[in-house]
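This report covers pockets, a helix face, salt bridges and two single residues. The sequence and structure come first.

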Amino acid sequence: VIATAIGLLYAVFIDKSKGEKVLKVFVFMPVAISFVGASIIFSFFYDYQQGSQIGLLNQIVVWFGGQPGNWLQVSPLNDALLIIILIWTQTGFAMVLLSAAIKGIPEEQNEAAELDGANAFERFRNVTIPGIRPTIIVTWITISIVSLKVYDIIAATTQGQNNTGVLSYQMVGLFNNLPPQTGTSSAEAVLLFVLILPFLIVNANNIRKQRLGL
C-alpha cells in the first residue's frame, strides 16, 4: 500500500514537470537492483559496530547525540526497516505504471473540472483517481504478491532472526533442515499459494473488465 501510494503521489507531482524523465529515472533505478543487492546496500546503511560508525543511520544518531544501536536486532523496529527495503525497490515500479495511466486521462476532463472551479486536490480526487483506478488496483495487487513471497531480503539481512522470519523463508529453511521437514515445508508452500490466489483472481477480473470496457 505504501509503495503504491508513494508511486502515485510522485507520478502526480512530476507529471508534465520540467525534467520529468530524469526525475523518473532516479526513482525507477532501484527496480533494476535485485532484492539481494538492495538488502546489502541497506545492510551497510543500518550497520552497527563498536567505535566509529560506518552505517549512515547510526552515524546520524551519533551526530544528534544519541546512542548507536543494532537496529536489525530490535523487534519490531527491524520489521519496519526491512519493509523499507521492499518499498524502496517497488516504488519506482508503481510510479511508472501509474504515470503512464495518468497520461492516458483525456486532458479535457481536467480542463472541464478546472473551469468548474475545482482545485488541484479536487481534480486529483475526482478526475485522476477514478480515471486510473484499474491501474492502481493492478499495481497494488502486483506489489502485494511480491511482498507475500519475498525471501531474498530476509536471507540477505537477518536470516529470519529476531522475529523477522516470513513464510517463504521459513518454508525454505524447513526444507533444508537435516532431516528435511518436507511435509511442513510443502504445507507452507500450499498456504502461500492460498494467500496469493485471491490477489490473482481479483487481478484477472480487473484485467477482464478493462478489456471489456466495464
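## Largest pocket

The model is predicted. Its largest pocket has 17 lining residues, and those nearest the centre are Val-12, Asp-15, Asn-110, Arg-123 and Thr-128. Two or more lining residues come from each of α1 (2-14), α5 (77-103), α6 (107-115) and α7 (120-148). Of these helices, α7 supplies the largest share, 5 residues.

The space in this pocket comes to about 450 Å³. Sorted by class, the lining holds 8 nonpolar, 7 charged and 2 polar residues. Asp-15, one of the residues nearest the centre, is also a salt-bridge partner of Lys-103.

## Second largest pocket

The second largest pocket has a volume of about 200 Å³. Its lining consists of Asp-79, Leu-82, Ile-83, Leu-86, Ser-147, Val-150, Ile-153, Ile-154, Thr-164 and Val-166. Helices α5 and α8 (152-157) are the elements that contribute two or more residues each. The contribution of α5, 4 residues, is the most from any element.

By class, this lining has 7 nonpolar residues, 2 polar and 1 charged. Helix α5 thus appears in the linings of both pockets: in the largest it is among the elements giving two or more residues, and in the second largest it gives the most.

## The buried face of α3

Which residues of helix α3 are buried? In this helix, which spans residues 35-45, they are Phe-35, Ala-38, Ser-39 and Phe-42. Viewed down the helix axis, the buried residues of α3 lie within an arc of 100 degrees, so they line one face of the helix. As a general rule, an α-helix has 3.6 residues a turn, so residues three or four places apart point the same way. The cover over the buried residues of α3 includes α5, α7 and α8.

Ser-39, in helix α3, has a relative accessibility of 0% and counts as buried. Beyond its neighbours within four places in sequence, Ser-39 contacts Ile-85, Asp-152, Ile-153, Ala-156 and Thr-157. One of these contacts, Ile-153, also belongs to the lining of the second largest pocket.

## Salt bridges

The model contains 4 salt bridges. In one, Lys-103 pairs with Asp-15, with the closest N and O atoms 2.9 Å apart. Lys-103 belongs to helix α5 and Asp-15 to the loop between α1 and α2 (20-28), so this pair ties together parts that are 88 residues apart in sequence. A further bridge joins Glu-20 to Lys-103, at 3.0 Å between the closest N and O atoms. Here too distant parts of the chain are linked, as Glu-20 is in helix α2 and Lys-103 in helix α5, 83 residues apart. Through shared partners, salt bridges join Asp-15, Glu-20, Lys-24 and Lys-103 into one network. Within that network, Glu-20 is buried at 13% relative accessible area, whereas Lys-103 is partly exposed at 44% relative accessibility.

Glu-107 and Lys-16 also form a salt bridge, with an N to O distance of 2.5 Å. Glu-107 lies in helix α6 and Lys-16 in the loop between α1 and α2, so the bridge ties together parts 91 residues apart in sequence. Why does Glu-107 count as partly exposed? Its relative accessibility is 33%, and the class runs from 20% to 50%. Lys-16, at 57% relative accessibility, counts as exposed because the cut-off for that class is over 50%.

## Ile-33 in the α2-α3 loop

Ile-33 is located in the loop between α2 and α3. Is Ile-33 buried or partly exposed? At 28% relative accessibility, Ile-33 counts as partly exposed.

With neighbours within four places in sequence left aside, Ile-33 is in contact with Ala-38, Ile-41 and Trp-88. Of these, Ala-38 is one of the buried residues of helix α3. Ile-33 and Glu-20 are 13 residues apart along the chain, and their C-alpha atoms are separated by 21 Å.

Definitions and conventions:
Residues numbered from 1 in each chain as written. Predicted model: local features only at pLDDT ≥ 70, side-chain atom pairs only at ≥ 80, totals over all residues. Heavy atoms only, no water. 1 Å grid on protein atoms, 1.4 Å probe; cavity = no way out; pocket = protein on both sides within 12 Å on 5 of 7 lines; lining within 4 Å. Points joined across faces, edges and corners; volume = space filled by probe spheres on them. Nonpolar A, V, L, I, M, F, W, Y, C, P; charged D, E, K, R; others polar. Buried < 20%, exposed > 50% of the residue type's maximum accessible area, 1.4 Å probe, protein only. Arc of directions from axis to C-beta. Contact = heavy atoms within 4.5 Å. Salt bridge = Lys/Arg side-chain N within 4 Å of Asp/Glu carboxyl O.
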